[in-house]
Amino acid sequence: MSDFDWREQDGFNLDTQINYLTSLEGEPGEVWGSVFSVALLSGAEFGRKYFRFQFLVQSRSVSCCRWVEVSCRLDPRFPEQRETRAGLVTVETQVDSMEIDEGLYSRQLYVLGYDAMERMKKTNVLISGMRGLGVEIAKNIILGGVKSVTIHDEGTTEWSDLSSQFYLSEKDIGKNRADASKRHLIGLNSYVPVSTYTEILTKDVLLQHQVVVLTNSLLEEQLDVGTICHQNDIKFIIADTKGLFGQLFCDFGEDFEVKDENGEESIRANISCITKENPGQVICSDTTYHGFQKGDFVTFSEVQGMTELNECIPVEIVGTGCFSFNICDTSDFGDYEKGGVAREIKVPQRKSYKSLGEALQTPSYNTDFGKMDRQGTLHIAFQALHRFVQDFSRFPKPWGKTDAETLVNIARRLSEEKPSMLGEDPLIEDLVRKLAFVATGDLSPMNAFIGGVAAQEVLKACTGKFLPLNQWMYFDALECLPEESEVKGDVNEENFQPKHCRYDGQIAIFGADFQEKLKAQKYFLVGVGAIGCELLRNFAMIGLGAGPGGSITITDMDTISLSNLNRQFLFRTNDIGKMKSETAAAAVKKMNPFMNVIAHQNRVGEETENIYNQDFYQELTGVANALDNVPARQYVDGRCVLYGKPLLESGTQGTKANVQVIIPHMTESYGTVQDPTQTSLPICTLKNFPNAIEHTLQWARDEFEGLFKQPAENVNKYLEGPSFIEQTMTLQEGQALEILEGLYKSLVVDKPKSWADCVAWARRHWQTQYNNTLRQLLHNFPVDQVTTSGAPFWSGPKRCPHSLEFDANNCRHMDYIVAAANLYAENYSIKGSKDRGAIKQILQSVDILPFIPKSGVAIYTTDQEMEAAEDSVDKKHLEKLKEHLSSREAFSGCEMHPVEFEKDDDTNFHMDFIVAASNLRAENYDIPPATLHKSRLIAGRIIPAIATTTAAVAGLVCLELYKVVQGDRPRTAYRNGFFNLALPLFAFSYPAPPPKHKYLDKEWTLWDRIDVNSIKPNGDEMTLPEFLHYFKMKHSLEVTMINCGNLPVYASHHSTAILKERLALRISEIVAKIRGKAIEEHVKLLRLEIDCSTEKNGDEEESGYPPVCYRIR
């Protein structure tokens, strides 16, 4: 394909050609549906009269894909004059046999797995109702990758739809909602055909689908459709939002199989002993809790002695302890000798669901545990609302008291007629009244949350992966309304009436005055990935910063890649390679033309504090994080604490998500509570005693860094200046020796001169890692080695290895050589090669020296042994290396190219090396190998992700945003949230207050600080002695230590010479001197940390002191 972008040339519109193509007829009786992909065959030079394309199109009538060749006659001067001819070329493939696109679905595959994705590819889904909630569900499941989606709506677009329906615009008012939405939904996923249906739903239409979703529907229709679905084993879901209230219902039939309830990785444990008794006790050799629970099923492998358990049918665990669990009767089995691995087996569960008619009368709920008493009332209230609409042909008027009392009376009658629906809890009439007040409203954040949950239920229905809802779920976010004292008085109903604008659905709930407040906000969105796209879409729908004086600044330094498209829904295939922030800004501008979005491409960190400085933050009204790593979150959190700005924090991992709202002087910050750190693997386990594929993959990743990145970086630092050797010698001697040895090898011993040298290096390194090292290990610890207690050394977590013999005809062996040689060549800017035949020729001439294991070589079995031995370094060898490297000039021009690991590029040899290196080591230890897919997840430290979770969490964030914008809300109005869509589990709590500290008689929290204006009346900055005197006089504190970040500015225990020098300087001068450069002009204050002795008693206060904001400009 040529370099010019034929998609965007003047006079040629690809969307127009696609629309024209899909209107043509194929074979007799065949109707073409969505276009999957387009390939340019000829006509690459712009100006030609003809372009030839191939379109992969979906045939809706015969359920197959066809390649269709299209010739387009085009005159760029007259775009309307064109001639298109289409001809059927060939039947390429059946839809059901199309392979899963790992590049597109990679992050979702880590959540659902291949089996579930295959089942999704066979599922046709119907979604009825294309208002905000319906399009949200459609968007999520199209991104997910089902077989096809039919969108249904008989209604036309109204002003109120624009509050949350992000694919409708003002020009669509009066048009059918489904028809107007289709062209946008088609672009989400080229693998999912999308069709529309705009008539009344019939049984014949329903029977063409495996899952049916009703949104914004009446109870009568729900009952009719639900009956047909239940009788014909069609999975049936109801989703509805009414203002700040949401409702979900699921009926998956009377015999539904749940294949995996939680989606967690199967647990694996090494065994040290199994007793012969009833029940048999399995004792694990691991030193941490095994994770098995009563009722889990396990099977066994590699057990020696009690071989009856090997590959047995799944055995139920009947009891557990911290390091053991009990199974079946083992008294008649053979005697246990050693070894063994227990593996959890996910046993499918059968579930039975009531029809809608039954479930209405005898409901069962999923619930927010903080609002368990509301479920019965909301169940009655939604049915009362249906009856209200049936009686009056409309919804209750926004904040209309008369309509509210009417709805309460209907609910009372229903609760008296059918007390089983309410259960034991009383009818909460005020809750019904609130539903009446806001039922006309339509909020994007509510639709995002309920739509995300509903879409996940659709995927459960398709796949049997994860546990479905049981069967009803009600959700409300009434905390978003102003305090009771503000709404109990007379409400000006006019403030909530439609204004014939795009925010009518929101005005019906919060009023026109609040809408103006939203439009005036200035927000900073950090990150425009999956969560960032969803947040930005919600910001556009609610009108955040969309008025005069309002704005949203977004920043993201990344470009768009294929794997982003599965959940970052603002991007399309032709956006790949473009900047995320610019593309996202343009996309939401189409959704709401009034948006004021400023797109940056910067990383937010110390290096950009000249941009995101005090002036920048002072202009903001709030910050939202959409980041995927803890250090970046902590940095932004620290900025918000420093400048006193509210922060909305969120994150996802697979089906799990959390929301944290951070309010100045009211709540703790993100950095207050540290997330549990991931347990690091012992070095000795990785180096000598791996027992799981995770160990070999981590070892391979460490190999990559230690071979192709760190040595090259060290060489470049060494060549940059003389201080590198000096700094290295200040490290521990063992670490210094390792660095200098790496330098000397890279510059002298192992420096290649040609491609053949790189191949030879790779071959010799293969020999060292997979043969020689293992032979030495078995020399130190023979197969029959026993411990001091008489137990076999090679047992439990220690798997006995064996060495490998190189075979050029073994694909895995050659995979390693090709990848390693090319990466090594890249380090030295030598041209590599993929020609395996030529590489084999080079290998024939590589000399491999014979290896004989030596006695006296230390191999450590624990990290403690290794640490204790670090002092025993060959100091003469260290000094000799230092001497060899003393003359940098001798290596002038030897700069190297460090290789930065990139997991998603399959052409750069990175994952080729990781997979080969890991699986070869796994072969050494008889560990089952890992696929490229799994290896990428573990070695690439990928966070599994799915669009449903992202949509839901963004909805919750924006519900908190309403409260933040209102201001003056108590801490109990806000909600931190955690949910797991797999279980499903939803838990909400009040944000915790900030921890309190005390010095002298003053309490302080992380939000407090001591402001010091260092500029004296004459314009000079105070000196260090004047600073110390100020604290003694003003705060009765004798400062004994001052730090600026990690820079030690002052300490009373400093040497006399340092104190003499620094007491004559200003603090800014001291900071500049330690940094080795002047303080940048944009820096207006320094954040200092102090330690003190109090004048009161001279003792240091253990609770610490607030940070000092030291203003220098």
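Glu-534 lies in helix H17, and this predicted model lets us work outwards from there.

**Exercise 1.** Decide whether Glu-534 is buried or exposed, and find what surrounds it.

*Solution.*
- Step 1: Look up the relative accessible area of Glu-534, which is 0%.
- Step 2: Buried means under 20%, so Glu-534 is buried.
- Step 3: Set aside neighbours within four places in sequence; Glu-534 is then in contact with Glu-136, Lys-139, Arg-567, Phe-569, Thr-950, Ala-951 and Ala-954.

**Exercise 2.** Work out how helix H17 and helix H32 are placed relative to each other.

*Solution.*
- Step 1: Take the axes of H17 (residues 530-542) and H32 (residues 947-966); they come within 9 Å and cross at roughly 45°.
- Step 2: Angles under 35 degrees count as roughly parallel and 65 to 115 as roughly perpendicular; H17 and H32 are therefore oblique to each other.
- Step 3: Add the handedness: the crossing of H17 past H32 is right-handed.
- Step 4: Find the residues that touch. On H17 they include Glu-534, Leu-535 and Phe-539, and on H32 they include Thr-950, Ala-951 and Ala-954.
- Step 5: Sort the contact by class, and you get 12 nonpolar, 2 polar and 1 charged residues.

**Exercise 3.** Now for some strands: find which strands stand at the edges of the open sheet E7-E6-E5-E8-E9-E10-E21-E20.

*Solution.*
- Step 1: Read the order of the 8 strands, whose pairing is mixed.
- Step 2: E7 (194-197) and E20 (365-366) each have a single partner strand, so they stand at the edges.
- Step 3: Try one pair inside the order: E5 (residues 124-128) and E8 (residues 211-215) are parallel, with 4 bridges. Val-125 has Val-211 in E8 as its bridge partner.

Definitions and conventions. Residues are numbered from 1 along each chain as its sequence is written. This is a predicted model: local features need pLDDT of at least 70, side-chain atom pairs count only at pLDDT 80 or more; totals for chains, interfaces and linings use all residues. Side-chain values use heavy atoms; hydrogens and water are left out. Axes are lines fitted to C-alpha atoms, for helices over the stretch in contact, and angles run from 0 to 180 degrees between N-to-C directions. Helices (H or I, at least four residues) and strands (E, at least two) are DSSP runs, numbered from the N terminus. Angles under 35 degrees count as roughly parallel, over 145 as roughly antiparallel, 65 to 115 as roughly perpendicular and the rest as oblique. A crossing is left-handed if the near helix is turned anticlockwise from the far one by less than a right angle, and right-handed if clockwise. Contact means heavy atoms within 4.5 Å. Ala, Val, Leu, Ile, Met, Phe, Trp, Tyr, Cys and Pro count as nonpolar, Asp, Glu, Lys and Arg as charged, and the others, Gly among them, as polar. Two strands pair if DSSP finds at least two bridges between them. Buried means under 20% relative accessible area, exposed over 50%, partly exposed in between (1.4 Å probe, protein chains only).
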